[in-house]
Amino acid sequence: MTLKIGIKPVRAIIIIYLLLLLALFPAAALASHFPAPVITNRSADFLVNFKINGVTAAPGDEIAFFDPQGVICGLYVVSTAQEYFPVAVYGDDTTTGAIDEGATAGDILTVIIWHAASGLELSGTKLVLNRGIDQGYYI
């Protein structure tokens, strides 16, 4: 028995490619408010307990990290409702000279949250940073 599908091969390849991209990068598919940071050869990963007014962040909410010059250096877009999210915050690439792609040692970062349901950017002083468990160094 042969099953015929009414999709042309080129169109099928494009659909498969798009579905693969969504599967590999679901957060990027939701990104709509903050621009994506420049991915550099230097980064720090943070595990963020992301709640807005005590409520677990919802799909479409975003958390962004900015260096003192206003360059976005970290971003996470919530794709599923859960409390903890990994956020990569990228450092400045020292090989690109005067181009500022991210944070440098000693920078104080600003965190801004996009609350999708209200359409508001949220920032403030009730941000808490707790030391995590040192998991070692990875190359």
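## Burial, cores and aromatic pairs in a predicted chain

F85 is buried, with a relative accessible area of 1%; buried denotes under 20% relative accessible area, exposed over 50%, and partly exposed the range in between, with a 1.4 Å probe and protein chains only. The model is predicted, so that local features need pLDDT of at least 70 and side-chain atom pairs count only at pLDDT 80 or more, while totals for chains, interfaces and linings use all residues. Residues are numbered from 1 along each chain as its sequence is written, and side-chain values use heavy atoms, leaving out hydrogens and water.

**Overall architecture.** The chain contains two helices and eight strands, in the order α-α-β-β-β-β-β-β-β-β from the N terminus. These elements are DSSP runs numbered from the N terminus: helices are H or I with at least four residues, and strands are E with at least two. Of the 139 residues in the chain, 26% are buried. The exposed surface of the chain is about 10,200 Å², of which carbon and sulfur atoms supply 63%; the areas come from the Shrake-Rupley method with a 1.4 Å probe. Among contacts (heavy atoms within 4.5 Å) between residues at least 6 apart in sequence, 62% join residues at least 24 apart.

**Nonpolar cores.** In soluble globular proteins, nonpolar side chains tend to be buried together. A nonpolar core is here a set of buried Ala, Val, Leu, Ile, Met, Phe, Trp, Tyr and Cys residues joined through side-chain atoms within 4.5 Å. The largest such core has 15 residues, and the members touching the most others are F50, I63, F65, Y76, V78, F85 and V87. At least two residues each are supplied by strand 4 (62–66), strand 5, strand 6 and strand 7 (110–115). Strand 6 contributes the most, with three residues. A second, separate core of eight residues includes F66, I72, L75 and V77.

Two members of the largest core merit a closer description. Beyond its neighbours within four places in sequence, V87 is in contact with A44, D45, F46, V48, I63, F65, G74, L75 and Y76. V78 is located in the loop between strand 5 (72–77) and strand 6, and its relative accessible area of 0% makes it buried. V78 and I63 are 15 residues apart in sequence, with a C-alpha to C-alpha distance of 8.4 Å.

**Aromatic pairs.** The whole structure yields three aromatic pairs. Rings of Phe, Tyr and Trp (its six-membered ring) pair if their centres lie within 6.5 Å; planes under 30 degrees apart count as stacked, over 60 as edge-to-face and the rest as tilted. Two of the pairs are tabulated.

| Pair | Centre to centre | Angle between planes | Class |
|---|---|---|---|
| F46 and F65 | 6.1 Å | 15 degrees | stacked |
| Y76 and F85 | 4.9 Å | 45 degrees | tilted |

Because F46 lies in strand 1 (residues 43–49) and F65 in strand 4, their pair ties together parts that are 19 residues apart in sequence. F46 is partly exposed at a relative accessible area of 31%, whereas F65 is buried at 10%. In the tilted pair, Y76 is buried with a relative accessible area of 16%.

**The end of strand 6.** Y90 belongs to strand 6 (residues 84–90) and counts as buried at 15% relative accessibility. Leaving aside neighbours within four places in sequence, the contacts of Y90 are P37, V38, I39, T40, R42, S43, C73, G102 and A103. Y90 and D67, 23 residues apart in sequence, have a C-alpha to C-alpha distance of 9.8 Å.
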